[in-house]
Amino acid sequence: MLDQELHEATLEFARSLGQAPAVSAYRAATAALEADGGAQALLKDLRAQQETLVRLQQSGLSPTQLQIDALRRCQAIVRTNATIMAQLRARNDVKAFLPLAARYITSALGADYAQLVAPQSC
């Protein structure tokens, strides 16, 4: 009986958490980003340029000024993309919200929620 009650309470908590404004905004912004092919292409280009520079540095080489300038231009273009920036803001908002939710749960349970849900090591 308690298992079923706990299961129902867990599902209700998950539904409530999913409807929180920060979580809803994050989901919407992420869906918009996934649907925006131009934004996806910008992010792909940025990642490729970053990976190239990292590989160069890991191999002991220095990037050329042209490569650095290209990366900076790409970063500037990404910062002007409304879809990417909206998703980044929403991600930051949800990252700020979740610890507040965890503190509320900790208070309601009378136990440290973060420790209860943390992965256990061997």
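**Close-up 1. Asn-81 sits in the loop that links helix H4 (65-79) to helix H5 (82-109).** This view, like the others here, comes from a predicted model. Have a look at the side chain's surroundings: is Asn-81 buried or exposed? Asn-81 counts as buried because its relative accessibility is 15%, and the cut-off for buried is under 20%. Setting aside residues up to four places away in sequence, Asn-81 touches Ala-39 and Leu-42.

**Close-up 2. The largest nonpolar core brings together 11 residues.** Its members are Leu-33, Ala-39, Leu-43, Leu-46, Leu-53, Leu-56, Leu-71, Cys-74, Val-78, Ile-84 and Met-85. Which elements give two or more residues to this core? They are helix H3 (37-58), H4 and H5. The biggest share comes from H3, which supplies five residues. Ala-39, met above as a contact of Asn-81, is one of the core members.

**Close-up 3. Leu-71 belongs to the largest nonpolar core and has four neighbours worth picking out.** Once residues within four places in sequence are left aside, Leu-71 is in contact with Leu-46, Gln-49, Gln-50 and Leu-53. Among them, Leu-46 and Leu-53 are also listed in the core.

**Close-up 4. Arg-15 takes its place in helix H1 (residues 2-19).** With 43% relative accessibility, Arg-15 counts as partly exposed, because this class lies between the 20% limit for buried and the 50% limit for exposed. If you would like a distance to check in your own viewer, try Arg-15 and Tyr-104: their C-alpha atoms are separated by 16 Å, while the two residues are 89 residues apart along the chain.

Definitions and conventions. Residues are numbered from 1 along each chain as its sequence is written. This is a predicted model: local features need pLDDT of at least 70, side-chain atom pairs count only at pLDDT 80 or more; totals for chains, interfaces and linings use all residues. Side-chain values use heavy atoms; hydrogens and water are left out. Helices (H or I, at least four residues) and strands (E, at least two) are DSSP runs, numbered from the N terminus. Buried means under 20% relative accessible area, exposed over 50%, partly exposed in between (1.4 Å probe, protein chains only). Contact means heavy atoms within 4.5 Å. A nonpolar core is a set of buried Ala, Val, Leu, Ile, Met, Phe, Trp, Tyr and Cys residues joined through side-chain atoms within 4.5 Å.
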